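Me: Please take a close look at one part of this model, the parallel strands and what packs around them, and walk me through the pairing, the crossovers, the burial and the aromatic contacts in one connected account.

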Amino acid sequence: FAYRLEAKLYNKSELITGQTQGICKSINQRFPHKKTYWLPNGVDLSNFTREIPASDIEEVRRHLALKGNEKIIVTTSRLVPKNGLDAVIRALAIIRKKEKKLPVKFLILGVGPEAHNLKDLARSLGVLDDIIFAGEFSHQNLLKYLKLAEVFVRPSRSEGMGNSFVEAMAAGIPVIATPVGGIAASVSGDTGHVRPVLLDFGWEVVMSSPSSRFGLRLPLLFLD
């Protein structure tokens, strides 16, 4: 039913827009007679390039009970399987085994049905204390949290064009992402790393952030 309804809507449309080039290509293959335009998501740059007072950053650190010397990996994400946060938690466990004293924290901004499972996973791997489940947050205050971080990570298993990646890049935070949906069109070598989708844990790739201020070598697990 949904497929037929979608086809009916497309056929009645004068033109169609898609968030990603991949979506536009898929539409063109099904409806070659329709005009299709790529219209990517955007962000309000004024909200992500503005200066944040040091006192505001310090207030966020106190709110999160940070000591000040931590290396922060951040994600803004709905806590659902497709966003791959379980993979980051497993990678964090590898970091902790190799570098027991490295002051790294994974800051998760967001809520969702996987919260309990992610906490259970972190607990079973012994890294629950290295993760901050910060829950819901005000979008107006997002920049304060992003500015705490050395790198933004979200290894999505599927994606349209996630605004979270664009927002992190707009804030000047290097991004580590997976080449699914519209991500690869947004994240380049100048703004971050794109690596294969995290679906299994067969072998390890060690990479470092493009940010010179990020001293942590971050191991993540990818499919060959």
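Reply: In this predicted model, strand E3 (residues 71–76) and strand E4 run parallel and are joined by six bridges. Two positions show how these strands are aligned: Ile72 stands opposite Lys105 in E4, and the bridge partner of Thr76 in E4 is Leu109. Between E3 and E4 the chain passes through helix H5 (residues 85–98), and the resulting β-α-β crossover is right-handed.

Leu109 also leads on to the next pairing, since this residue stands opposite Gly135 in E5. E4 and strand E5 (residues 131–135) run parallel and are joined by four bridges. Here the connecting helix is H6 (residues 115–124), which together with E4 and E5 makes a right-handed β-α-β unit. E4 therefore has parallel partners in both E3 and E5.

E3, for its part, is also paired with E6, again in parallel, through two bridges. In this pairing Ile73 of the E3 strand stands opposite Val151 in E6.

Burial adds to the picture of these strands. Five of the six residues of E3 are buried, so this strand is largely enclosed by the rest of the structure. Strand E4 (residues 104–109) is likewise mostly covered, with five of its six residues buried.

From E6 the description can be carried on to a helix through an aromatic contact. Phe152 and Phe165 form an edge-to-face pair, with 5.7 Å from centre to centre and 75 degrees between the planes. Because Phe152 lies in strand E6 (residues 151–154) and Phe165 in helix H8 (residues 163–170), the pair ties together parts that are 13 residues apart in sequence. Both partners are shielded: Phe152 counts as buried at 0% relative accessibility, and Phe165 is buried with a relative accessible area of 2%.

The surroundings of Phe165 fit this description, for seven of the eight residues of H8 are buried, so the helix is largely enclosed by the rest of the structure. The buried residues are Ser164, Phe165, Val166, Glu167, Ala168, Met169 and Ala170, a list that includes the charged residue Glu167. Just after H8, Gly172 takes a positive phi of about 85 degrees.

A search of the whole structure finds two aromatic pairs, and the other one is formed by Tyr10 and Phe31, whose ring centres are 5.0 Å apart and whose planes meet at 65 degrees, so this pair is edge-to-face too. Tyr10 lies in helix H1 (residues 2–12), while Phe31 belongs to the loop between helix H2 (21–30) and strand E2 (35–38), so the contact ties together parts that are 21 residues apart in sequence. Tyr10 and Phe31 are both buried.

One further ring contact involves a charge: the charged end of Lys119 sits over the ring of Phe133, at 5.3 Å from its centre. Residue 119 falls within the range given for H6, and residue 133 within the range given for E5, so that this contact links two parts of the β-α-β unit already described.

Technical notes. Residues numbered from 1 in each chain as written. Predicted model: local features only at pLDDT ≥ 70, side-chain atom pairs only at ≥ 80, totals over all residues. Heavy atoms only, no water. Phe/Tyr/Trp six-rings, centres within 6.5 Å; stacked < 30°, edge-to-face > 60°. Buried < 20%, exposed > 50% of the residue type's maximum accessible area, 1.4 Å probe, protein only. Lys NZ or Arg CZ within 6 Å of the ring centre and 35° of its normal. Pairing = 2+ DSSP bridges. Right-handed = clockwise from strand over helix to strand, strands pointing away.
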